[in-house]
Amino acid sequence: MAPYSRLKFYSDQFTSLPSVDEFKKDLTGKTVVVVGANVGLGLEAARHFATMNPGRLILACRTKSTAEAAVEDIQRTTGCKTVEYWHIDLQSFASVSAFATRFEKEGGGKLDILVENAAIATRKYQKTPDGYESSIQTNHLSTALLALLLFPILSKTPDSRLTFVGSGAHFVVQRLEEADSPKILEKLNDEEYCTEEVMKGRYPISKLLNLFFTRALAERLPLGTSVTVDVANPGLCHSQLTRNVKGFIVIFYTILKAILARSTEVGSRTIVHAALAGDQQTMQGKYLNMCQVEEESDYVYSEEGKEVQERLWGETIEILKGKDERVEGVVRELLRTG
Ligand SMILES: NC(=O)c1ccc[n+]([C@@H]2O[C@H](COP(=O)([O-])OP(=O)(O)OC[C@H]3O[C@@H](n4cnc5c(N)ncnc54)[C@H](OP(=O)(O)O)[C@@H]3O)[C@@H](O)[C@H]2O)c1
């Protein structure tokens with residue numbers, strides 16, 4: 001178990017990370033999808049993959065202009081000609097479903113690496129057109145939906161990898177108060193409940209949900225699965241993540257980042273590492289920090305944490321079954337019962 005330690009956070013931020021050369025692989029013939037690769041850590045992770053001669057490198061993004069600019073930028077800086085942009089908007093379940101359908105048709109029947117990187121950080125309650133709080137849908141529900149819809153293809157591909165981008169911010173959630181409600185996700189989406197005060201803690205909670213989902217999925221993988229699933233913490237990095245944060249807290253983040261933040265290139269190494277390095281035995285279901293397996297927060301390991309993980313899995317699958325009928329088949333046919 002790992003208690004939250006400010007000292008460890010500071011010391012991690014000042015410690016160098018290994019160069020990608022230490023774990024890079026030849027990706028000839030491999031298909032890589034990076035979600036949220038138009039800017040920030042996703043762009044830099046995609047750029048690293050582009051240097052490894054990927055068969056196909058798909059930038060799954062919602063903003064056409066910056067996604068096309070990212071394709072050109074990656075082509076220009078790496079010479080990679082196999083990079084392309086596909087549209088996906090995680091604030092729409094229909095868009096996630098459409099992406100998966102397109103991948104089934106045009107993806108070439110294999111998916112070697114799926115990096116689920118896209119996320120938002122906001123303290124403002126906003127409902128998506130689907131009716132969910134925006135960070136819960138973007139960071140957790142749609143991210144989970146994409147993983148499940150692409151799971152049949154991942155599980156047909158030898159030695160495939162599914163990497164979620166989590167965060168050390170999950171340590172901040174010492175207890176998920178919403179677990180006192182009969183339905184955790186319903187409570188987290190409830191507009192009346194989500195006051196300004198509650199929303200202050202929303203981003204760390206969404207990252208805790210990534211962790212619980214990774215662990216729950218890993219526990220359900222059948223014996224002999226080809227898929228390795230893990231979750232990477234890039235640490236505090238310069239990026240556009242705090243673009244939606246307003247008010248006094250902006251000054252706090254600006255100062256904190258000026259002193260401590262890694263560049264997006266350095267932070268992206270943790271993502272590339274999680275998607276390429278190690279093997280199933282060492283990485284399955286693991287949380288990676290500083291390019292190595294580390295323990296999650298005490299809460300994740302607590303009896304309550306384990307119970308909450310199972311409840312969240314059940315609630316997530318129940319919601320997603322209603323959004324895309326393929327989910328039920330994936331859970332029934334390709335996963336074990338927890
Ligand atoms: N930066 C840090 O200090 C830090 C620390 C720990 C973990 N992380 C994690 O690292 C990951 C990348 O974040 P970042 O720091 O690189 O932030 P960023 O620069 O804001 O990038 C976020 C990415 O997610 C995409 N995205 C957001 N909403 C989306 C949606 N509805 N549909 C599709 N894509 C969407 C963004 O696309 P648009 O540009 O089109 O909005 C962008 O590509 C996140 O999972 C974050 O939680 C970051």
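Reader: Hi! At what angle do helix 13 and helix 14 pack?

Author: Hello! This is a predicted model, and in it helix 13 (residues 303-321) and helix 14 (residues 326-334) pack at an angle of about 140°. Their axes are 7 Å apart.

Reader: What do we call helix 13 and helix 14 relative to each other, then?

Author: We call them oblique. Angles over 145 degrees would count as roughly antiparallel, and 65 to 115 as roughly perpendicular, so an angle of about 140° belongs with the rest, the oblique ones.

Reader: Nice. Which residues in helix 13 and helix 14 meet?

Author: On the helix 13 side they are I317, L320 and K321, and they meet V327, E328 and V331 in helix 14. That contact is made of four nonpolar and two charged residues, with no polar ones.

Reader: Okay, moving on to helix 5. How does helix 5 pack with helix 13?

Author: Helix 5 (residues 134-156) packs with helix 13 at about 75°, and the axes are 10 Å apart. Helix 5 is therefore roughly perpendicular to helix 13.

Reader: And which residues are involved in helix 5 and helix 13?

Author: H140, L141, A144, L145 and L148 come from helix 5. Their partners in helix 13 are W313, T316, I317, I319 and L320. Eight residues of this contact are nonpolar, two are polar and no charged ones take part.

Reader: What about helix 8 and helix 13, at what angle do their axes cross?

Author: The axes of helix 8 and helix 13 cross at roughly 85° and come within 9 Å. These two helices are therefore roughly perpendicular to each other as well. Among the residues that meet are L209, F212 and F213 in helix 8, with V308, L312 and W313 among those in helix 13. Here the contact has eight nonpolar, three polar and four charged residues.

Reader: Let's switch to the ligand. Which residues come nearest?

Author: There are 31 residues around the ligand, and N38, T63, N117, Y203 and S239 come nearest. By type, the shell divides into 14 nonpolar, 13 polar and four charged residues.

Reader: Which polar backbone atoms lie by an oxygen atom of the ligand?

Author: One belongs to C237, at 2.8 Å from a ligand oxygen. Another belongs to L241, at 3.2 Å from a ligand oxygen. A nitrogen atom of the ligand also has a backbone N or O atom of Q91 at 3.5 Å.

Reader: Is the ligand mostly covered or mostly open?

Author: Covered: of the 890 Å² of accessible area that the ligand has on its own, the protein covers 97%.

Reader: Last one! Which elements give two or more residues to the shell around the ligand?

Author: Those are helix 2 (40-50) and helix 8 (202-220). You already met helix 8 in the contact with helix 13.

Methods. Residues numbered from 1 in each chain as written. Predicted model: local features only at pLDDT ≥ 70, side-chain atom pairs only at ≥ 80, totals over all residues. Heavy atoms only, no water. Near = heavy atom within 4 Å. Polar contact = N/O pair within 3.5 Å; in protein donor to acceptor, adjacent residues only side chain to side chain. Areas by Shrake-Rupley, 256 points an atom, 1.4 Å probe, with all protein chains shown as cover. Helix = DSSP H or I, 4+ residues; strand = E, 2+ residues; numbered from the N terminus. Nonpolar A, V, L, I, M, F, W, Y, C, P; charged D, E, K, R; others polar. Axes fitted to C-alpha atoms, helices over the stretch in contact; angles between N-to-C directions. Parallel < 35°, antiparallel > 145°, perpendicular 65-115°, else oblique. Contact = heavy atoms within 4.5 Å.
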